[in-house]
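Hello,

Here is the structure I promised to pass on to you. Have a look at it first, and then read on for what turned up.

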Amino acid sequence: MTANEKKSEMADPEIAVELSGVDKWFSILQVLHDVNLTVRCGEKVVVCGPSGSGKSTMIRCINYLEKHQKGRIVVNGTELTDNQKVIDRVRQDVGMVFQNFNLYPHLTVLENCTLAPRWVKGVARKDAEALARAYLERVRIPDKADFYPSQLSGGQQQRAAIARSLCMSPKIMLFDEPTSALDPELVREVLDTMAQLASDGMTMVCVTHEMGFARQVADRVVFMDAGRIIETAPPEEFFRNPRESRTKAFLSQILH
Amino acid sequence: MDFAYILEALPDLMTGLKTTLIVSFLAIFLSCLIGLVGAVLRKSGIKPLQYAVTAYVEFIRGTPYLVQIFFIFYGLPSLGLRFSIFWSGVIALTAWASAFQIENFRAGLAAVGSGMHDASASLGLKRWQHSIFIILPLATRAALPSAMNTIVATVKNSAYLQAIGLVELTFVAVDRIAYDFRAIEMFASICVIYLICVFTISGLGYMVERRLSRPFGGR
Ligand SMILES: Nc1ncnc2c1ncn2[C@@H]1O[C@H](COP(=O)(O)OP(=O)(O)OP(=O)(O)O)[C@@H](O)[C@H]1O
Ligand SMILES: [Mg+2]
């Protein structure tokens, strides 16, 4: 075991994700400023904030889709470095769902769900398919297994993408605006799937502007602006009694 | 039009056609391979390789094809590189077609959105797995229509190789005309033969395209 792979000394089994003092630049543009966030195991954190505030960048740093330049990110006791083994291990624990689904268009829903288990974990085809069908059942599209993504509605595609992630048995799920590419009437079914996942105890970090979902599911709401975490609070408090003026301004915009 | 004469010339024409097809298929196969590799190198992030590939593409696109053929057949021997007429022809045709296939595959690769990379990375797929299972099929499918155009052009451009004495279809026709002066019979015949080849290839390409697009939710 190399130094890079060594579990962080301060590893706390209760903590799923910890960002401390994280800075991130895109060339000369600094998009994250001293971001500190701790997500406990089983916790559901909703991240909101204006466009361009760095929400996507922050959660993409958690599974190293983006590389941070300063600070520490520890996921399940493993500190993220640019060592590929470390990255691979963290990504085994972290699933991600994207705004645009990012399903593989040339593979059926079932193939989308079995590709990574078979090739990353070496699961036998039959077992991978059985697992995939179980998760497709759980997101309530068991009959779509043999369809191609383009033959599904947006809501069904996003639920397929959630199933695909779950097939890797992640301990933490990241969602980056999973419903904002959907027609309004399809948002509900995806949020219901996510709420069900939350009640099953999944650790979730979710960028969304669905404030009803935040109220119903979140343990904490994080508000970001201009690359900084401005405010963190439980949902009742966050919505009823926001402390910061920028939070108030943002809430008054999106709640009306 | 003297059809009896065409019939008499047919065995000769078929011999020429055979060479045309062999040279074309070699060039098509090699240029698709080089096109794929070149397109990947162009996106590799290795600067010297990227410049080399770009320079190559610009050179081929910016100079007359006939000059490239002469360069390979008459120019390279003085640099100590001597090839037979046949292989000079294959090299010239491949060199020309590769430049265009590189461009076609480059466009194909560019058509694969960054979302695919995000998905594969977050699922933990290795780079090579992502390249083979995701990028290759999606890029090929996006590149196919323009790659088919280049493939058809490759067959047609094999005719230029008569200029260095390769006995392919056009050479046979021109050669016979020099003795028999039946220009209309010969040129009409080889036009029909080329058309048959091109339609066959386009038809095959269309079938492949239909097959590949079916998984994308086409009916
Ligand atoms: N790949 C990139 N290269 C350069 N700049 C980027 C890149 N991705 C994001 N940015 C910039 O980083 C900042 C934060 O972007 P980010 O996508 O994280 O915001 P966001 O809060 O998710 O916004 P939205 O609600 O619109 O999704 C923005 O100013 C954006 O322009
Ligand atoms: Mg975003």
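Please keep in mind that this is a predicted model. I will go through chain A, then chain B, and then some aromatic rings.

**Chain A**

Chain A contains nine helices and ten strands. Its C-alpha atoms occupy a box of roughly 50 × 50 × 35 Å along the principal axes. Is that what one would expect of a compact globule with 256 residues? The radius of gyration of chain A is 18 Å, and a compact globule of 256 residues would come out near 18 Å, so the two agree.

Of the 256 residues in chain A, 57% are buried. If you take the contacts in chain A with a separation of 6 or more, 66% of them are between residues 24 or more positions apart. The exposed area of chain A is about 11200 Å², with carbon and sulfur atoms supplying 47% of it. On the charge side, chain A carries 32 positive and 33 negative charges, and the mean positions of the two sets are 2 Å apart.

One residue you may like to click on is Gly54(A), which sits in the loop between strand S3 (44-48) and helix H1 (55-62) of chain A. Is Gly54(A) buried or exposed? Its relative accessible area is 10%, and buried means under 20%, so Gly54(A) counts as buried. Which residues does Gly54(A) touch, leaving aside its neighbours within four places in sequence? They are Val31(A), Leu32(A) and Met224(A). Val31(A) is 23 residues away from Gly54(A) along the chain, yet their C-alpha atoms are separated by 5.9 Å.

**Chain B**

Chain B has eight helices and zero strands, which gives the pattern α-α-α-α-α-α-α-α along the sequence. Its C-alpha trace spans about 70 × 50 × 25 Å along the principal axes. Buried residues account for 44% of the 219 residues in chain B. Among the contacts in chain B between residues at least 6 apart in sequence, 80% join residues at least 24 apart.

The accessible surface of chain B is about 11500 Å², and 70% of that belongs to carbon and sulfur atoms. How far apart are the centres of the positive and negative side chains in chain B? There are 17 positive and 11 negative side chains, and the two centres lie 19 Å apart.

**Aromatic rings**

Over all chains, the structure holds ten aromatic pairs. One of them is Phe238(A) with Phe239(A): the ring centres are 5.3 Å apart and the planes stand at 90°, so this pair is edge-to-face. Both partners are buried, Phe238(A) with a relative accessible area of 0% and Phe239(A) with 11%.

Another pair, Phe70(B) and Tyr74(B), is tilted, with 5.6 Å from centre to centre and 50° between the planes. These two residues are four apart in helix H3 (residues 65-75) of chain B, so about one helical turn separates them. Phe70(B) is partly exposed, at a relative accessible area of 31%.

Chain B also has a cluster of rings, in which ring pairs link Tyr65(B), Trp96(B), Phe100(B) and Tyr160(B).

Happy browsing, and best wishes!

How values were computed:
Residues numbered from 1 in each chain as written. Chains lettered and ligands numbered in written order. Heavy atoms only, no water. Rg over C-alpha atoms; globule rule 2.2 N^0.38 Å. Buried < 20%, exposed > 50% of the residue type's maximum accessible area, 1.4 Å probe, protein only. Contact = heavy atoms within 4.5 Å. Areas by Shrake-Rupley, 256 points an atom, 1.4 Å probe, with all protein chains shown as cover. Lys, Arg positive; Asp, Glu negative; His and termini not counted. Charge placed at Lys NZ, Arg CZ, Asp CG, Glu CD. Phe/Tyr/Trp six-rings, centres within 6.5 Å; stacked < 30°, edge-to-face > 60°.
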